[in-house]
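Take a walk through this protein, from the whole chain down to its aromatic rings. Keep the model open as you read.

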Amino acid sequence: MTGIAAAPGWSATTGLTHATEATAIPQSSTDTPWSRDVIIQARRIADWRLENSARLKDEAAGSTACELTALINATTYLGLADFGTVSGDARFGDAVQVGGRALGWATSDGAGGCQQSANQYDVIRLAWLSAAARVDGSERQERLQPTLDRLNQTLATLDVTGAVPCLERSSCRNDTDLLSIALWAEASRLTGDPRYLAHGDDRYRTAFEPLYDTKTFLFHDQVGAEASAAGAEASALYNGLAYAGLARTIQAIPADNPARLYYVALYREMSRTILARQRDDGHWSAGLRHQDDGPPDMMASALFVYGLAWGLNTQMLSFNEGETAALSGWAALTRSLRADGVLTEANDTGLNPRPGGRNPSPRDAVGVYLMATAQIAERKW
């Protein structure tokens, strides 16, 4: 990206740099025997990510490259930021700060052939807003402004009828946009400007409501009712992104805002199916309608654990509803973590995985694993 010097160790492909100086590690902000054990386990994978960030390369190919790169980068930054907060280890927040500044708190201009204006790459900005929420004053504004400029540019392109231009070419319906409603909601929360949430809400309902199957309470990458009637598979990763996006969206919307009720209802409906589709080993399969006994979808499993634990921590789910599933899912993820911090069953199958044909790649699930860790470590139930 022109005008911005990359930090040492920066990789335009992986979108992360190793923090150059390890700061002192204060006591965890969630200091219980349970949280300490969880954090000790998860610190191995966070350390692995920092130590290997300079050499990790994006192996995604074809039309999903930009989307997969954006997803991995965004969830990695979100996971490091969340884990840094709950663990009290400043190195992880420092890594997000270095990476954000290297990109001017914007997005890459060419990683994996992606263009900065690519709609799907905006999901990374959700990580920048998360980083902005952790600071105040001029530093917060520095982290916020590039994202606000981008969102304001989008609002300025709306025509006089209020249509969302990207819907005309279906680019609002890519997988990463299942998280983008949280971007718009968080922008409203941080600025107090209701326009961002109003647009994100309209965009989400227009793009994704038709893809939601009200019989199975799952999202499809085609019209929900038609997909259900045809017996089409429902991607676990697609629904995991939707579920995590709902959690972060609800968290950003004020309790007295009527729009919040819509997302709460979706979250609770989806929870019923997610709980019912969990495998005996604690994981979730790549396909949620026709489950198989093959390798689990690690990214989806971590996203579901994140969403369930968040629901328990916020009392969006009752203890009886989600406690067993959240802990079983967390135990399954932990069993897949090697002593050196590598997830052994993480897969890299593109954004709409189907059972079979998996190509294991440990880096993909690191960010979502750390997101789940932060919620599990904060255990309030």
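**From surface to rings**

The protein has an accessible surface of about 14,600 Å². Carbon and sulfur atoms account for 50% of that surface. Bear in mind that this is a predicted model.

Now look at the build. The protein has 381 residues, and 59% of them are buried. Its secondary structure consists of 13 helices and 2 strands. Take the contacts between residues at least 6 apart in sequence: 72% of them join residues at least 24 apart.

Next, the aromatic side chains. The structure contains 13 aromatic pairs. A pair of rings is described by the distance of the centres and the angle of the planes. One pair is Tyr 77 with Trp 128, whose ring centres lie 4.7 Å apart. Their planes meet at 50°, which falls between the 30 and 60 degree cut-offs, so the pair counts as tilted. This pair links distant parts of the chain. Tyr 77 sits in helix 2 (residues 65-87), while Trp 128 belongs to helix 4 (residues 123-132). The two residues are 51 apart in sequence.

Are these two partners buried or exposed? Tyr 77 has 2% relative accessibility, under the 20% cut-off, so Tyr 77 is buried. Trp 128 has a relative accessible area of 0%, so Trp 128 is buried as well.

Move on to a cluster. Tyr 243, Tyr 267, Trp 284, Phe 304 and Trp 310 together form one aromatic cluster.

Finally, look for arginines over rings. Arg 379 lies over the face of Trp 34, 4.6 Å from the ring centre. Arg 195 lies over the face of Tyr 196, at 5.5 Å from the ring centre.

Note on methods:
Residues numbered from 1 in each chain as written. Predicted model: local features only at pLDDT ≥ 70, side-chain atom pairs only at ≥ 80, totals over all residues. Heavy atoms only, no water. Helix = DSSP H or I, 4+ residues; strand = E, 2+ residues; numbered from the N terminus. Buried < 20%, exposed > 50% of the residue type's maximum accessible area, 1.4 Å probe, protein only. Contact = heavy atoms within 4.5 Å. Areas by Shrake-Rupley, 256 points an atom, 1.4 Å probe, with all protein chains shown as cover. Phe/Tyr/Trp six-rings, centres within 6.5 Å; stacked < 30°, edge-to-face > 60°. Lys NZ or Arg CZ within 6 Å of the ring centre and 35° of its normal.
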